[in-house]
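Please look over the sequence and the structure below before reading on. The briefing that follows is grouped by topic.

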Amino acid sequence: MPSLTDGEIRRALKLVEQTGKQLSLVDGEGHGTGRLVLVLKPMPTRVTADWMAQQWRDQKRLKKKLGSYPSMPLSKARDVFSRDFADMIQRGRSIKIAGDTRPGTVADLFEAYVRYLREAGKPSWKETEKGLNKIADTLGRSRQAREIEPDEITDVIRPIYERGARVMADHVRSYIRSAYSWGLKSEHDYRTTSVRRFRLAYNPAAGIPTEPKNVGTRWLDEGEFVRLYRWLECPDAPVHPPYTRAVRILMLTGQRVEEIARLHVDQWDARERIIDWSKTKNGKPHAIPVPQLSAELIASIKPNAHGWFFPSAMDPSKPVSAGTLYSFMWRQRDRGVIPVVTNRDLRRTWKTLAGQTGISKEIRDRIQNHTLQDVSSKNYDRWNYMPEKRAAMKKWNAFVVKLLSKKTVKHSA
């Protein structure tokens, strides 16, 4: 059978329009195995023309759509059929599982990874997207992801490191490594469907060493705790009020800054005085009863129209970011009006001072949602420990009230 021409297609479109009858045009040989077909169908207002890959398999005719004419011209349809379907038909595999066989680009890989993070509910997806967008511009968006070499990754990271942004350099390495790690697994994951296969042979960022982590040890003693808390109650400079409230809640509960910053009205049970997160950093649901001081503070806050307790000063439709709270605290540190402290130091402070009050490490770990690695906790223990948490928070609240009521407290420099 001769190959189709554009002239034949135009004449066939007119014929279908006049007769009102469906017509199929076959491109070239292939009867008995598979071929490219243009199916023309009369509709009330127009004639549709769809390219189909057609296959005869197990004495049945299978079809799969490639695109529509004329948006997909004849030459393009032939290229797609040859690229994605011809080989599968020759090998006797079903065209139902055929897809775009082109290896994915750097942009394809990074966009697919960010989409995976977003659909999985990972709060890090926005920062990851921002970082990977810049990296894609440097590496080349249209280059095949499988072509990227380790030296190129190093060349991206080195200038960032040399200008002193060592943490950012490590973040960039982490973004790339994670995206490639996901790409290596995604095309073999039967639970998901990726629009593009990447054909990666290895992870080019896997062998690049990380910046040694400085494990923090800083925590506030009793005097420093009171000094910071009192300043947050009555700051000596204009600050966005939700920021000072958010930090006080951090001090009183010992939770992760991201989880407090994003506190929403749907997560607060005022009657039970419980904050309930369905999603947390370690992926596990988490709920805590808050101490009385914290409950009173939250009750005094009116969530904004979007339901956020601590909205961003720049965009009220969004909660304050962890980075903004970090910068806010850093500026006060530089002014010398509060002790030298980071948000993570506050989490460490709660852990330490709560231990000082006599709360067991196991309950402190559960209140702070630290992952317990023993077999019993991971696989068998399903008790929520809410009574134990309530008792611990009551003891902690009494400790803080007594601390804040002291008339003289030693101020640490």
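In this predicted model, S294 has a relative accessible area of 0%, and because buried means under 20% relative accessible area, S294 counts as buried. The residue belongs to helix α10, which spans residues 292-299 and has the highest confidence in the protein, at a mean pLDDT of 96.

**Two residues and their surroundings**

- When its neighbours within four places in sequence are left aside, S294 is in contact with I249, L252 and T253.
- T154, which is part of helix α5 (residues 150-162), has a relative accessibility of 24% and therefore counts as partly exposed, since that class lies between the under 20% of buried residues and the over 50% of exposed ones.
- Although T154 and P204 are 50 residues apart in sequence, their C-alpha atoms are 9.6 Å apart in space.

**Nonpolar cores**

- In soluble globular proteins, nonpolar side chains tend to be buried together.
- The largest nonpolar core here has 51 residues, and the members that touch the most others are L228, I275, F310, L325, M329, L346 and W396.
- Not counting residues up to four places away in sequence, W396 touches F225, M251, L252, P291, W350, L353, A354, T357 and I359.
- A second core, separate from the other, is made up of 29 residues, among them I135, V156, V172 and W182.

**Helix α3**

- Helix α3 covers residues 106-119, and because each residue should add 1.5 Å, its 14 residues should span 20 Å, which agrees with the 20 Å between its end C-alpha atoms.
- Its buried residues are V106, A107, L109, F110, A112, Y113, V114 and L117, and these buried residues pack against two other helices, α4 (125-139) and α6 (166-186).
- After α3 comes G121, which has a positive phi, near 75°.

**Confidence in the model**

- Across the protein the mean pLDDT is 87, and 89% of the residues reach 70 or more.
- Confidence is lowest in helix α14 (residues 375-380), where the mean is 60.
- Over residues 408-413 the pLDDT stays under 50, and for this stretch the model has ten contacts beyond four places in sequence.
- Where pLDDT is low, the predicted coordinates should not be read in detail.

Terms used:
Residues numbered from 1 in each chain as written. Predicted model: local features only at pLDDT ≥ 70, side-chain atom pairs only at ≥ 80, totals over all residues. Heavy atoms only, no water. Helix = DSSP H or I, 4+ residues; strand = E, 2+ residues; numbered from the N terminus. Expected span 1.5 Å × (residues − 1). Buried < 20%, exposed > 50% of the residue type's maximum accessible area, 1.4 Å probe, protein only. Contact = heavy atoms within 4.5 Å. pLDDT = per-residue confidence, 0-100. Core = buried A, V, L, I, M, F, W, Y, C linked by side-chain atoms within 4.5 Å.
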